[in-house]
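This report describes a protein structure for a reader who is beginning the study of proteins. The sequence and the three-dimensional structure are shown first, and the description follows.

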Amino acid sequence: MCTSVAKRTIDYYLKRGSYVFACFVDFQKAFDRVNYWKLFSQMLDDGGDACMVRLLAFWHSRQMLCIFWQGFYSEPFSVRNGKRQGGVLSPFLFTRFVRPLISATTQCKIRCNIGGLFVNLLAYADDMVLLSPSWRAMQALIKLLELWCFKLDIVCNTKDCLYDF
C-alpha cells in the first residue's frame, strides 16, 4: 500500500510539472536499538492493557540466547534490548516505539498535497519514506527526523539519502 501511495504521489506531482522529494530512511540496527522499558512505558502512558504490557515485559526481561557456530553452541546470555528480526510482533512493537516520531512528522505542516490528501511519511516498521514538495521542506523534515531519533536513541543515516523526481 505504501509503495502505491508513493508512486501515486510522485506521478501526481510529475504530471503537473512539479518536483517531489523523497528521503528513504535507513535506521541502523533498528530492531536492536528498541529500548524495552521506554517502549513499555509508552504503552502504559497511552492506556495500553497493563496485563499485556506486563506479559511483554516478562518475556523480554527473561530472554536468553545462545549462538550456534561451526557446530558448537555458546553459553546462554541475556538480551537487554532489541526486537527479533522476523518476529510476528516486531513490526508492531517497533512502530509503536517510534510512534512519537511518526506523530510529530505527520502533524507538521510540511507535506505533499494531492487533491486535498496530505502525505509526508509512509511507514511500515523500520521502513520509512519522507515526501515533500520542495528541497527546503525536505531539509526541515530531516531535521525533525534527527531530533526524534536522538530522543528515542535510535540511529539513522540522514546523509546522502535524498532523491528528487
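A salt bridge is a side-chain nitrogen of Lys or Arg within 4 Å of a carboxyl oxygen of Asp or Glu. A search of the whole structure, which is a predicted model, finds four such salt bridges. Several of them are described below, after an overview of the protein.

**Overall form**

The protein contains six helices and eleven strands. Its C-alpha trace spans about 60 × 45 × 25 Å along the principal axes. Of the 165 residues, 38% count as buried. The accessible surface comes to about 10400 Å², and 59% of that surface belongs to carbon and sulfur atoms. Contacts between residues at least 6 apart in sequence can also be sorted by separation: 65% of these contacts join residues at least 24 apart.

**Salt bridges**

The following table lists three of the salt bridges, with the N to O distance of each.

| Acidic residue | Basic residue | N to O distance |
|---|---|---|
| D11 | K7 | 3.0 Å |
| D46 | R96 | 2.2 Å |
| D46 | R99 | 2.5 Å |

The salt bridge between D11 and K7 lies within one element. Both residues belong to helix α1 (residues 2–15), where they are four residues apart, or about one turn of the helix. D11 has a relative accessible area of 27% and is therefore partly exposed. K7 has a relative accessible area of 52%, so K7 counts as exposed, since the cut-off for exposed residues is over 50%.

The side chains of D46 and R96 also meet in a salt bridge. This pair links distant parts of the chain, for D46 lies in the loop between α2 and α3, R96 lies in helix α4, and the two are 50 residues apart. Are D46 and R96 buried or exposed, or in between? D46 is partly exposed, at 47% relative accessibility. R96, by contrast, has a relative accessible area of 9% and is therefore buried, because buried means under 20%.

D46 forms a salt bridge with R99 as well. Here too the pair links distant parts of the chain: D46 is in the loop between α2 and α3, whereas R99 is in helix α5, 53 residues apart from D46. R99 is partly exposed, with a relative accessibility of 38%. Together, D46, R96 and R99 are linked in a network of salt bridges.

**Surroundings of R96 and the packing of two helices**

Which residues does R96 touch, not counting those up to four places away in sequence? They are L39, Q42, M43 and D46. The last of these, D46, is also a salt-bridge partner of R96.

Two packed helices are described by the angle between their axes and the distance between the axes. Helix α4 (residues 90–97) and helix α5 (residues 99–107) pack at an angle of about 60°, and their axes are 4 Å apart. At this angle, α4 is oblique to α5. On the side of α4 the contact is made by T95, R96 and F97, and on the side of α5 by R99, P100 and I102. R96 and R99 thus appear both in this contact and in the network of salt bridges with D46.

**A nonpolar patch on the surface**

Which residues form a nonpolar patch on the surface? The patch consists of M52, L55, F58, W59, L89 and F92, which together have about 600 Å² of accessible area. Helix α3 (residues 50–61) gives the most to the patch, with four residues. M52 is found in helix α3, and with 42% relative accessibility M52 counts as partly exposed.

**Strand β1 and the loop that follows**

Q28 is placed in strand β1 (residues 21–28). With a relative accessible area of 41%, Q28 is partly exposed. Q28 and D126 are 98 residues apart along the chain, while their C-alpha atoms are separated by 9.5 Å.

K29 is found in the loop between β1 and α2 (36–45). K29 is exposed, with a relative accessible area of 63%. The C-alpha atoms of K29 and L145 are separated by 16 Å, and these two residues are 116 residues apart along the chain.

Terms used: Residues numbered from 1 in each chain as written. Predicted model: local features only at pLDDT ≥ 70, side-chain atom pairs only at ≥ 80, totals over all residues. Heavy atoms only, no water. Patch = residues over 30% accessible without salt bridge, like charges linked within 9 Å, V, L, I, M, F, W, Y side chains within 5 Å. Areas by Shrake-Rupley, 256 points an atom, 1.4 Å probe, with all protein chains shown as cover. Buried < 20%, exposed > 50% of the residue type's maximum accessible area, 1.4 Å probe, protein only. Axes fitted to C-alpha atoms, helices over the stretch in contact; angles between N-to-C directions. Parallel < 35°, antiparallel > 145°, perpendicular 65-115°, else oblique. Contact = heavy atoms within 4.5 Å.
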